Each structure stands twice: as structure tokens, then as C-alpha cells.
Amino acid sequence: MSAPLTVLVGIYSPFAAWNIPAAHVERLRREFPHHTVLHAETAAQSLALMPRADVAFMAELDAAHLAAAARLKWVHSPAAGVGGMLFPAMVQSPVLMTNSRGISAGTIAEHVIAVTLVLFRKLPLAFRSQAAREWAQNAVLAEPPIRTIAGAHALVIGLGSIGTASARLLAAFGARVTGIRRRPGHHAAPGASTTQPTPDTGVQHVAGPEALLTLLPEADIVVIAAPETRETRGLIGQKELACMRRDAVLVNVSRGKLVDEAALADALAAPEATRTIGGAALDVFEREPLPASSPLWSLPNVVITPHMAGFRPDHWDAVTDLFADNLRRFETGAQLRNVVDKGEGY
């Protein structure tokens with residue numbers, strides 16, 4: 001048995017669903033009785049307990065936490081995104097970091113399909129008409145026409161677990177899928193050409209980031225599933241929006257900072273004759289909650305969801321399963337799952 005560890009669980013949020021339930025903390029105590037499991041429910045509590053922690057199971061950890069961490073060896077995030085924890089001192093430190101990528105890939109992919117169909121089938125107009133008790137058949141079936149995913153060209157930016165799961169579902173619905181990833185060759189099987197279809201994902205072609213402006217004008221659906229890094233912040237701005245199809249749909253299930261929201265709002269609010277993008281479905285934003293003053297709220301061609309795409313009914317079971325498995329690996333010195341390259345940002 002390994003030496004006893006002190007594990008700090010500090011997963012708290014103003015939003016109830018994103019707070020780890022106490023029952024899951026108790027589960028860790030039952031499964032690891034030889035370790036001390038501390039539970040912080042606020043940032044102040046986590047800061048006070050950090051000097052005792054060998055391991056931190058936390059969604060947020062800042063420079064003050066790291067400065068107080070006299071014994072910290074490993075941080076595990078309950079989410080896939082860890083950009084907020086990758087401040088310079090953390091990147092330069094010997095502290096190991098892992099994340100929960102893959103846990104929410106399937107549910108986020110379903111969300112991508114759902115919001116794409118909402119926009120393609122003009123359901124916001126139907127919902128508004130329902131609220132007004134109006135039979136809107138003429139309006140819904142007028143130009144521009146309702147569309148199907150089948151036959152559409154989907155561009156998936158980022159082919160990690162979320163992007164790959166989204167690509168697979170889009171292909172299953174009949175879309176022709178192109179992917180963009182930082183290292184295109186890593187997506188193909190050994191020896192395979194990245195220009196050939198990959199049956200396991202449905203991606204027919206994989207390109208590097210330099211191809212973005214070439215591929216955007218061809219896409220009916222653009223899905224942003226890339227991590228937030230130095231290279232991806234502001235990935236979609238005025239220049240990129242200007243070269244999109246007039247009826248294209250932008251779906252962001254990654255991080256809000258990958259999109260210039262002001263430029264997106266301007267593009268979506270433009271008169272139809274000069275519009276460069278048809279609609280957007282946004283689950284993440286530069287600031288969360290999205291401020292009430294944002295023009296995105298009132299645009300009829302925008303679907304806003306409150307950062308919910310990744311939540312599933314058994315979310316905390318899955319997250320705790322992964323952490324518990326990694327803790328057993330950590331005890332024995334085995335390779336951990338989902339190690340983050342702190343220099344790369346994911």
C-alpha cells in the first residue's frame with residue numbers, strides 16, 4: 001500500500017449542477033480509507049486547506065493556491081478545459097496535471113446535432129410563433145428554406161474527443177465532414193493518408209489550422225471543438241466570419257474566447273443581403289454568465305444555451321470514476337490517464 005496522501009476535493013461553482021455532491025466525496029473516503037480526503041466548498045476553504053494537499057481534485061486553481069501548496073504533486077480537473085489553471089507558475093512547476101477529457105464527448109456531440117437541427121429546421125421561429133399562438137407555416141417554409149444535415153458540409157475545428165464524437169454523429173446524419181487539427185497526421189491510422197475517409201470517425205479529410213480560411217467558405221456547419229490555447233484564442237473573428245457562407249451555422253461548444261463575440265454579433269445582425277453567416281448556436285461565452293447587455297440575446301438567428309452541453313445524468317459518477325482510477329494509478333506510480341501537456345495547453 002502506498003504512503004497516505006491528503007487529497008483536496010474543491011469543485012464548487014455558483015451554479016448548483018457544477019458542485020460535486022457530498023455523496024461523491026464520501027465515496028472517495030470509503031474507497032480510499034488510507035488517505036485523508038478533504039472537501040472545500042469555497043475558494044477560501046480550498047486556499048486554507050491547500051498547504052496540506054498532496055493531490056488536488058479541483059476545477060479552479062490559481063496562483064495563490066499554487067503558492068500555498070507546499071506538498072502538491074498532482075492536480076486533476078473534473079473538466080476537459082484547463083486553460084484557466086495554466087498560468088505561468090503552474091506551467092513551469094513540476095506539478096502533474098490531468099483532466100477529464102472524453103467524459104462529456106458523447107453528450108456534447110448530441111448537443112451539436114440538436115442545436116444544428118434547431119437552426120436548420122428554423123425552430124426558433126416556430127417556437128416564437130407557438131408562444132404567440134400563430135400558425136406560422138408560410139413563414140417557416142419561406143426562403144431561406146429549411147435544411148437537412150444530410151448532404152451538408154460540416155467543418156469540425158478540433159478533433160479531440162469532443163470534435164471526433166461530433167464528427168461521427170454528423171457523418172451518421174449524412175454530412176460530409178472535414179476536420180481541422182493542429183497536427184493533421186495524428187488523426188489518421190499509421191500509414192494512412194489524411195485525405196482518405198476514416199471510417200471510425202466519418203471524417204473525410206483532415207487539414208491543419210493554416211487551411212481555415214480556405215475551408216470556411218465551403219462549410220454549411222462549423223463546429224468549434226478546439227481547446228483554448230494561445231493559438232486558438234480569437235480563432236473566429238471578423239476576417240473568418242467574412243469568408244463564411246451566408247447560410248452557414250456556427251456552433252461553439254468549446255470555449256467562449258475562441259470567438260470574437262462582438263464581431264459575431266455584428267455579422268449576425270447584418271441585413272440579410274449583406275450577411276456573411278446565417279446563424280449561431282453558442283453554449284460558451286467570453287464572460288459567463290453572458291451579460292444581459294449582450295446583443296446576442298435578442299438576435300433571432302442565435303440559439304443560446306447556458307454552458308450545459310457537457311452535462312449528463314451520471315456526470316458526477318463518470319467524473320469520480322475517472323479520478324478514482326487515476327488515484328489508484330498515482331498510488332502505484334502507473335501512467336495516469338489524460339495527462340495534460342501544460343506547455344501546449346491541453
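The following paragraphs describe the nonpolar cores, backbone geometry, salt bridges and one pocket of a predicted model.

In soluble globular proteins, nonpolar side chains tend to be buried together. In this model the largest nonpolar core comprises 33 residues, and those with the most contacts inside it are Ile236, Leu250, Leu264 and Leu296. Two or more residues each are contributed to this core by strand E6 (153-157), helix H9 (212-215), strand E9 (221-224), helix H11 (261-269) and strand E11 (279-282). Of these elements, H11 provides the largest share, amounting to 5 residues. The surroundings of Leu264 illustrate the packing in this core: when residues up to four places away in sequence are not counted, Leu264 touches Leu241, Leu250, Val259, Ile277, Ala280 and Leu282. A second core, separate from the one just described, holds 31 residues, among them Ala109, Leu119, Val203 and Ala309.

A further set of contacts was examined around Cys243, which is placed in the loop between helix H10 (238-242) and strand E10 (249-252). Apart from neighbours within four places in sequence, Cys243 is in contact with Leu213, Leu216 and Pro217. The C-alpha atom of Cys243 is separated by 38 Å from that of Met97, a residue 146 positions away along the chain.

Turning to the backbone, most residues other than glycine have a negative phi, and most peptide bonds are trans. Against this background, the peptide bond from Glu143 to Pro144 is cis, with an omega near -5 degrees, and Pro144 belongs to the loop between helix H7 (137-141) and E6. A cis peptide bond also joins Glu288 to Pro289, with omega at about 0 degrees; here the proline, Pro289, is located in the loop between E11 and strand E12 (302-304). Positive phi values in residues other than glycine were found at Arg133, where phi is near 60 degrees, and at Asn338, where phi is about 60 degrees. Arg133 occupies the loop between helix H6 (123-131) and H7, and its relative accessible area of 80% places Arg133 in the exposed class. Asn338, in turn, is part of the segment after helix H12 (315-332).

Side chains of opposite charge can pair when their charged atoms come close. The structure contains 15 salt bridges, of which three are described individually here. In the first pair, the side chains of Glu31 and Arg27 meet with an N to O distance of 2.8 Å; because the two residues are 4 residues apart in helix H1 (residues 22-31), Glu31 and Arg27 are separated by about one helical turn. The partners fall into unlike accessibility classes, since Glu31 is partly exposed at a relative accessible area of 31%, whereas Arg27 counts as buried at 16%. This pair also belongs to a wider arrangement, in which Arg27, Glu31, Asp321 and Arg328 are linked in a network of salt bridges.

The salt bridge between Asp54 and Arg71 has an N to O distance of 2.9 Å. Asp54 lies in the loop between helix H2 (43-49) and strand E3 (55-58), while Arg71 lies in the loop between helix H3 (63-68) and strand E4 (74-76), and the pair therefore ties together parts that are 17 residues apart in sequence. Asp54 is buried, with a relative accessible area of 5%, and Arg71 is partly exposed at 37%.

In the pair formed by Arg329 and Asp325, the side chains meet in a salt bridge at 3.0 Å, N to O. Both residues lie in helix H12, where a spacing of 4 residues separates them by about one helical turn. Arg329 is partly exposed, with a relative accessible area of 29%, and Asp325 is likewise partly exposed, at 23%.

Finally, the second largest pocket was examined, which encloses about 600 Å³ of space. Its lining consists of 21 residues, of which Lys122, Pro144, Arg275, Gly278 and Asn301 lie nearest the centre. Pro144 thus appears both in the lining of this pocket and at the cis peptide bond that follows Glu143. Helix H5 (105-120) and H6 each supply at least two lining residues, with H6 giving the most, at 4 residues. In terms of residue class, the lining of the second largest pocket divides into 11 nonpolar, 3 polar and 7 charged residues.

Definitions and conventions: Residues are numbered from 1 along each chain as its sequence is written. This is a predicted model: local features need pLDDT of at least 70, side-chain atom pairs count only at pLDDT 80 or more; totals for chains, interfaces and linings use all residues. Side-chain values use heavy atoms; hydrogens and water are left out. A nonpolar core is a set of buried Ala, Val, Leu, Ile, Met, Phe, Trp, Tyr and Cys residues joined through side-chain atoms within 4.5 Å. Buried means under 20% relative accessible area, exposed over 50%, partly exposed in between (1.4 Å probe, protein chains only). Contact means heavy atoms within 4.5 Å. A salt bridge is a side-chain nitrogen of Lys or Arg within 4 Å of a carboxyl oxygen of Asp or Glu. On a 1 Å grid over the protein atoms alone, a cavity is a set of points where a 1.4 Å probe fits but cannot get out, and a pocket is an open set with protein on both sides within 12 Å along at least five of seven lines; lining residues have an atom within 4 Å of a point. Grid points are joined across faces, edges and corners, and a volume is the space filled by probe spheres set on the points. Ala, Val, Leu, Ile, Met, Phe, Trp, Tyr, Cys and Pro count as nonpolar, Asp, Glu, Lys and Arg as charged, and the others, Gly among them, as polar.
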